Amino acid sequence: MVDIFITYEGDLHCNATHGPSQARLETDAPVDNHGRGAAFSPTDLLATALGTCMITVMGILAQELALSLGGTTVHVKKHMTAAPPRRVARLGVKVVFPAELAAKVEADARQRLEHRANTCPVRLSLLDGIDVPIEYVWTS
């Protein structure tokens with residue numbers, strides 16, 4: 001169990017503190033939903049959680065395989081519904097591995113890394129109503 005402490009600062013702006021580490025982050029409502037867009041929105045954090053969870057669990061497996069994922073990038077593109085109710089409709093993900101890594105990772109290890117990302121805790125927690133297309137690019 002982890003405690004997250006959130007303080008509403010007013011004007012649709014919040015400060016959140018991670019209990020164990022005391023790390024802090026701010027959120028703000030997006031411009032298209034009455035906010036200033038001055039920080040991550042709550043739904044931006046959902047997209048961020050997905051991408052960072054995917055690369056983190058791949059990183060754990062990579063360590064077990066004596067590989068380094070350094071230089072790997074993850075781009076998550078969040079799409080909101082056009083019609084009410086407002087919600088995340090799609091989180092498109094693109095994972096790009098650097099050429100030097102792609103050159104030394106066998107097909108079996110690639111499949112294992114991709115499976116690990118596809119079954120990360122955040123991905124498994126998302127509702128089926130959110131489209132999550134994932135593209136893996138093994139640069140060569």
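This passage walks through the sheet, the hairpin, the nonpolar core and the largest pocket of a predicted model.

A good place to begin is the open sheet, which is built from 3 strands in the order E4-E5-E6, with mixed pairing. Strand E4 (73-80) and strand E6 (134-138) are found at the edges; each has a single partner strand, so one side of each is left without a neighbour in the sheet. On average, neighbouring strands of this sheet are turned by 10 degrees against each other, direction ignored. E4 and strand E5 (residues 88-97) run antiparallel and are joined by 8 bridges. Along this pairing, histidine 75 stands opposite lysine 94 in E5. When following such strands by eye, it helps to recall that in a regular strand the side chains alternate between the two faces of the sheet.

The sheet also has a helix for company. Helix H1 (residues 42-64) lies across E4, E5 and E6, and its direction makes an angle of about 35 degrees with E5.

Another pairing is found towards the start of the chain. Here, strand E1 (residues 4-10) and strand E2 (residues 13-18) run antiparallel, joined by 6 bridges. Threonine 7 has asparagine 15 in E2 as its bridge partner. With 2 residues between them, E1 and E2 form a hairpin, and aspartate 11 in the turn has a positive phi of about 55 degrees.

What holds the most contacts inside the largest nonpolar core? Of the 28 residues in this core, those with the most contacts inside it are Leu50, Met54, Met58, Phe97, Leu113 and Tyr136. At least two residues of the core come from each of H1, E5, helix H2 (99-102), helix H3 (107-118) and E6. H1 gives the most, with 8 residues. Methionine 58 offers a close-up of this region: leaving aside its neighbours within four places in sequence, methionine 58 is in contact with Leu69, Val95, Phe97, Leu113, Arg116, Ala117 and Tyr136.

The tour ends at the largest pocket, which holds about 250 Å³ of space. Its lining consists of 13 residues, and Ile4, Ala16, Thr17, Leu25 and Leu45 are the ones that lie nearest its centre. The hairpin strands return here, since E1, E2 and strand E3 (24-28) each supply at least two residues of the lining. E2 contributes the largest share of that lining, with 5 residues.

Definitions and conventions:
Residues are numbered from 1 along each chain as its sequence is written. This is a predicted model: local features need pLDDT of at least 70, side-chain atom pairs count only at pLDDT 80 or more; totals for chains, interfaces and linings use all residues. Side-chain values use heavy atoms; hydrogens and water are left out. Two strands pair if DSSP finds at least two bridges between them. Helices (H or I, at least four residues) and strands (E, at least two) are DSSP runs, numbered from the N terminus. Axes are lines fitted to C-alpha atoms, for helices over the stretch in contact, and angles run from 0 to 180 degrees between N-to-C directions. Contact means heavy atoms within 4.5 Å. A nonpolar core is a set of buried Ala, Val, Leu, Ile, Met, Phe, Trp, Tyr and Cys residues joined through side-chain atoms within 4.5 Å. Buried means under 20% relative accessible area, exposed over 50%, partly exposed in between (1.4 Å probe, protein chains only). On a 1 Å grid over the protein atoms alone, a cavity is a set of points where a 1.4 Å probe fits but cannot get out, and a pocket is an open set with protein on both sides within 12 Å along at least five of seven lines; lining residues have an atom within 4 Å of a point. Grid points are joined across faces, edges and corners, and a volume is the space filled by probe spheres set on the points.
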